[in-house]
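Colleague: Here is a model that I would like to understand better. Could you take a close look at one small part of it with me?

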Amino acid sequence: MASDGPRLQRTTFTSVLFFVFVAVAAEAQLSASFYDSTCPQAASIVQEKVDAFVESDRGLAAALMRLHFHDCLVRGCDGSVLLNSTDPNILTEKSALLNSNSLRGFEQIDEIKIELEPACPGVVSCADILALVARDATVKVGGLSWQVFLGRIDGAGSFADEVTGSLPERRDNFTKLVETFAKVGLDAMDMIILSGGHSIGQVHCGAFFERLYNFQGLNITDPSMDPEFAAMLKAQCPPTKPLEFMALDATNGTFDSTYYLDLLTNKGLLESDVALLSDPLGVEYANKAVQDPDTFLLEFGMAMIKMGNIPASDPYGWRKHCAFTEPKL
């Protein structure tokens, strides 16, 4: 009987989270069954495409998850991050400094849309595609699945100047990170958990050069960084190679709680990641995630659902092409 205890506890916890998911989604009037009658094959089409993409390029998992994140924090979850500029005088979100050299996966989203349209013409929104893709990409590299609630409305506007101040930046401290997430209704714990998305993905070496070579303008390495880790980084990221890539955690390509272990052992890369441990709440959660990885995976799903419920600030309707809008008739 004793061996059943943890299993029963996990089952109970999962059940509780499921009802929380439903309650959170209900507030945003999204539904897990939104396409059941109009496009029942939508989820399976998306999943098959994502599986193929990630099998071909495992690094795409982080990129595809990140698109959903960058979409929702600017103008709500409306697919605006996917829009191309049609006016040379107006840059869209994807052209913003924080996005232009870091986001990818746009072609894959277009491929999915092309696959969906013949099956279900004029039904599935680009914003919903991003939500499904983020979940499926995470699961493909080791994450636990979560229920994706659907029914988002695409937006027509996308402006580069709205990105700054809406997205967290690599040098933000804990207070600034909390403020950024609070703008869209996410709290400090949501921010800490969603930061775990850095369990997968890579970053340019130049993004942490200040910590490595010129901490606080003193031409030294951040003394809080593990010395052996710093030496490894310097070998792989010399000052002459700011565009080289470095994995964001020690198990690059696998979604797990190692990101938090790296932080606790002074092996974090970005200032914004290390900043999580400047607050007791971040320290407490990092220890919890390391001690109970399954709980982190479950709570990450819950945080993604909450983020995915951020409503579009300027809804437009369904877009036939995710990269541009068409005049309404």
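Which residues does Thr221 touch, not counting residues up to four places away in sequence?

Modeller: Happy to help! First, a word on the ground rules: this is a predicted model, where local features need pLDDT of at least 70 and side-chain atom pairs count only at pLDDT 80 or more, while totals for chains, interfaces and linings use all residues. Residues are numbered from 1 along each chain as its sequence is written, and side-chain values use heavy atoms, with hydrogens and water left out.

Now to your residue. Leaving out residues up to four places away in sequence, Thr221 touches Arg211, Leu212, Phe215, Ala230 and Lys234, where contact means heavy atoms within 4.5 Å. Thr221 itself sits in the loop between helix 9 (209-213) and helix 10 (227-236). Helices here are DSSP runs of H or I with at least four residues, strands are E runs of at least two, and both are numbered from the N terminus.

Two of those neighbours deserve a second glance. The side chain of Thr221 reaches the backbone oxygen of Leu212 at 2.7 Å, and a polar contact of 2.7 Å joins the side chains of Thr221 and Lys234. A polar contact is a pair of N or O atoms within 3.5 Å; within protein, one must be able to donate a hydrogen and the other to accept it, and residues adjacent in sequence count only if both atoms are side-chain atoms. For another view of the fold here, take Phe209: it is twelve residues from Thr221 in sequence, and the two C-alpha atoms are 9.1 Å apart.

Let us step back to the whole protein. It has 14 helices and four strands, and its C-alpha trace spans about 65 × 60 × 35 Å along the principal axes. A domain assignment, automatic or from a database, divides the protein into domain 1 (41-167 + 309-317) and domain 2 (174-307). Their C-alpha centres lie 23 Å apart, and the contact takes 24 residues from domain 1 and 21 residues from domain 2.

Between the domains there are seven residue pairs in polar contact, both residues being at pLDDT 80 or more. Salt bridges, by contrast, number zero across that interface; the term means a side-chain nitrogen of Lys or Arg within 4 Å of a carboxyl oxygen of Asp or Glu. A search of the whole structure does find 15 salt bridges. One of them pairs Glu55 with Lys140, whose closest N and O atoms are 2.8 Å apart. This pair links distant parts of the chain, with Glu55 in helix 2 (residues 42-56) and Lys140 in helix 6, 85 residues apart.
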